[in-house]
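Visitor: I would like to go through the terms used for this model and see what each one rests on. Could you take me through them?

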Amino acid sequence: MGVTLDLSRAPAGPAPAPRPNITGMTRDELRAAIVTAGVAPPEKARMRASQVWRWVHHYGVTDFGAMTDVAKETRAALADAFSLARPEIVERQVSKDGTRKWLIRTAPGIEIETVYIPDVGRSGALCVSSQVGCTLNCTFCHTGTQALVRNLTAAEIVAQVQVARDDLGEWPSPKEDRRLSNIVFMGMGEPLYNLDNVAAAIDVIADNEGIAISRRRITVSTSGVVPELKGLGERTQAMLAISLHATNDALREELVPLNKKYPIAELMAGIRAYPGLSNAKRVTFEYVMLKGVNDTPAEAKALVKLLAGIPSKINLIPFNPWPGSNYECSDWPAIEAFAAVLNRAGYASPIRTPRGRDILAACGQLKSESEKVRASVRRKAAAS
Ligand code: SAH
Ligand code: SF4
């Protein structure tokens, strides 16, 4: 009599580890992983990794079966060892002005907001998140009201670009006439508190045989984590943006509490030492316009003085209100008067046009949907 094996129930013990996703691996990591998984011997791994890399990052394929120049058995071995799955898109919104926002879920409780803004940068910029929530509590920022859930992995950062490219129909990587030309790390979170993963993601995004967005078109925005500035410049060669928002320590401490740790003088010294800083590679200073708080012409003059000698651009961001915020956006004449002072000092077109306001996609309004839902449930419970 034959023995029948009952396979209806999984054996007790830990669930098998999920197959690692190739999306967030750097070239070196992919090569090493291919060897470890036994997909190719070490002497062939470089070539194999290059082939796979091109399919994943230039053609955007999500199925190993599509890799037509890879032998069938190798494709099967790759599929056994790795995953190419995209994360789940929980919500997609398109603004009247063409701005697109995606809410992406990569794991239970890990929901990421990503925004595509047309006509920014060379042709269009993708605003990516580096963390879910943020440990810093800038008082005017919606993300700052949400506790840090965790740092995003390199794969989760690259996946935001892939999702946008899928939606914009930009595979294979176009050489010209791209809709997605620039990347800005201005979504949720403080990228310099997650530098390892941000740097790895930039290595993937900037690779010439893949997504190929040049490092000069990638901007990392920070609230001023001074000790990490040098590492950011050396490891990524990305463009730097600094969220300044005030020209004296007392006010900046109020708006950006991190200023207590790294006051303005230290921040300026760190910026002056940013690797690669030059007239061709300027720092962008972001300055949110808050009515009656930081928006007088005297403060504009103080800003000009503070930035003297630093190759810089200034971006005035009209404050984007969010439910429950305590600030108002400066009146338009106040913003123009502020900008006029900067213009006279040689800073061209410093006002950033607000985009995607109707879908709460503008700067500083991002907050994960699950958190918003939880908050609304709390409010309802409190009201009843
Ligand atoms: N944590 C980083 C990057 C994300 S915030 C940083 O602080 O730089 C991206 C930009 O949006 C920052 O300049 C931030 O100060 C600005 N910002 C935050 N909330 C805003 C709001 N409600 N309106 C306008 N800009 C805001
Ligand atoms: Fe964090 Fe930047 Fe928002 Fe400050 S402005 S709370 S650093 S995301």
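**Terms and values**

Guide: Lys-291 counts as partly exposed, at 36% relative accessibility. The model is predicted: local features need pLDDT of at least 70, side-chain atom pairs count only at pLDDT 80 or more, and totals for chains, interfaces and linings use all residues. Residues are numbered from 1 along each chain as its sequence is written, chains are lettered from A and ligands numbered from 1 in the order in which they are written, and side-chain values use heavy atoms, with hydrogens and water left out.

Visitor: Why is Lys-291 called partly exposed?

Guide: Buried means under 20% relative accessible area, exposed means over 50%, and partly exposed is in between, with a 1.4 Å probe and protein chains only. Lys-291 is at 36%, so the middle term applies.

Visitor: What makes the pair Asp-331 and Lys-291 a salt bridge?

Guide: A salt bridge is a side-chain nitrogen of Lys or Arg within 4 Å of a carboxyl oxygen of Asp or Glu. The N to O value for Asp-331 and Lys-291 is 3.4 Å, and their side chains meet in a salt bridge. The pair links distant parts of the chain, 40 residues apart.

Visitor: How do you know that Glu-286 is buried?

Guide: Its relative accessibility is 3%, and the limit is under 20%, so Glu-286 counts as buried. The side chain of Glu-286 also meets that of Arg-352 in a salt bridge of 3.6 Å, N to O. An N or O atom in the Glu-286 side chain is 3.0 Å from an oxygen atom of ligand 1.

Visitor: Why is Glu-111 called buried, and what is the term for Arg-105?

Guide: Glu-111 has a relative accessible area of 5% and is therefore buried, whereas Arg-105 has 29% and is partly exposed. The two form a salt bridge, with the closest N and O atoms 3.0 Å apart.

Visitor: Why does Arg-252 have no salt bridge?

Guide: The nearest side chain of opposite charge, Asp-249, is 6.3 Å away, and the limit is 4 Å, so the pair does not qualify. For charge, Lys and Arg count as positive and Asp and Glu as negative; His and the chain ends are not counted. Arg-252 is buried.

Visitor: What makes the link between Arg-252 and Asn-259 a polar contact?

Guide: A polar contact is a pair of N or O atoms within 3.5 Å; within protein, one must be able to donate a hydrogen and the other to accept it, and residues adjacent in sequence count only if both atoms are side-chain atoms. The side chains of Arg-252 and Asn-259 are joined at 2.7 Å.

Methods. Helices (H or I, at least four residues) and strands (E, at least two) are DSSP runs, numbered from the N terminus.
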